[in-house]
Amino acid sequence: MTINTKKSSARFGLVIILILALFLSAVFFYIRNNSINVLSNNVSQLSVIESDYSKLDTCILVLYKADNNSRLFEATGNNAYIKQFTKEIEKVSGILDSLKIEDSGRHQSQNIRGLVELKKTKMQLYLKLKQLTDSLIYVSSGID
């Protein structure tokens, strides 16, 4: 009976080791799967933010072009510049509308709001700098 007892205790130990190995494998795969899901979500959020940010950058560049065209129209009186200005403003409006539509579809308004606020702040600083530069040019032309 001692041989049978040794065999049964060895089988019992082997079963316990197999159950522990199975349990540890299940925990490992659960943690791995959970980490992959979190990483995948983060990557998709980053790609959405990057896309939104590039659209906002496009808006800023088009606004700069529109500003240049309005100044050229003011200086020359050529109607071609005001037509180009109108087209560019319509383009900016379309991009912003598409961002609103995408935003309502995704329910991620926080990302776009943050980007818009950042761009708004930068634009206000740019406009202040532009105003100061224009007044400096005006004053210096009066001195000459």
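**A three-helix chain, in questions**

Visitor: How many helices and strands does the protein chain have?
Guide: This is a predicted model, where local features need pLDDT of at least 70, side-chain atom pairs count only at pLDDT 80 or more, and totals for chains, interfaces and linings use all residues. Residues are numbered from 1 along each chain as its sequence is written, and side-chain values use heavy atoms, leaving out hydrogens and water. Helices (H or I, at least four residues) and strands (E, at least two) are DSSP runs, numbered from the N terminus. The protein chain comes to three helices and zero strands.

Visitor: Glad to have that; which residues does Glu88 touch, leaving aside those up to four places away in sequence?
Guide: Glu88 lies in helix H2, residues 79–106. With contact meaning heavy atoms within 4.5 Å, its partners are Val62, Lys65, Ala66 and Asn69.

Visitor: Which side chain of opposite charge is nearest to Glu88?
Guide: Glu is counted as negative, along with Asp, while Lys and Arg are positive, and His and the chain ends are not counted. A salt bridge needs a side-chain nitrogen of Lys or Arg within 4 Å of a carboxyl oxygen of Asp or Glu. Glu88 is buried (under 20% relative accessible area, 1.4 Å probe, protein chains only) and has no salt bridge, the nearest candidate at 5.5 Å being Lys65.

Visitor: How many aromatic pairs does a search of the whole structure find?
Guide: Rings of Phe, Tyr and Trp (its six-membered ring) pair if their centres lie within 6.5 Å. The search finds one.

Notes. Buried < 20%, exposed > 50% of the residue type's maximum accessible area, 1.4 Å probe, protein only. Phe/Tyr/Trp six-rings, centres within 6.5 Å; stacked < 30°, edge-to-face > 60°.
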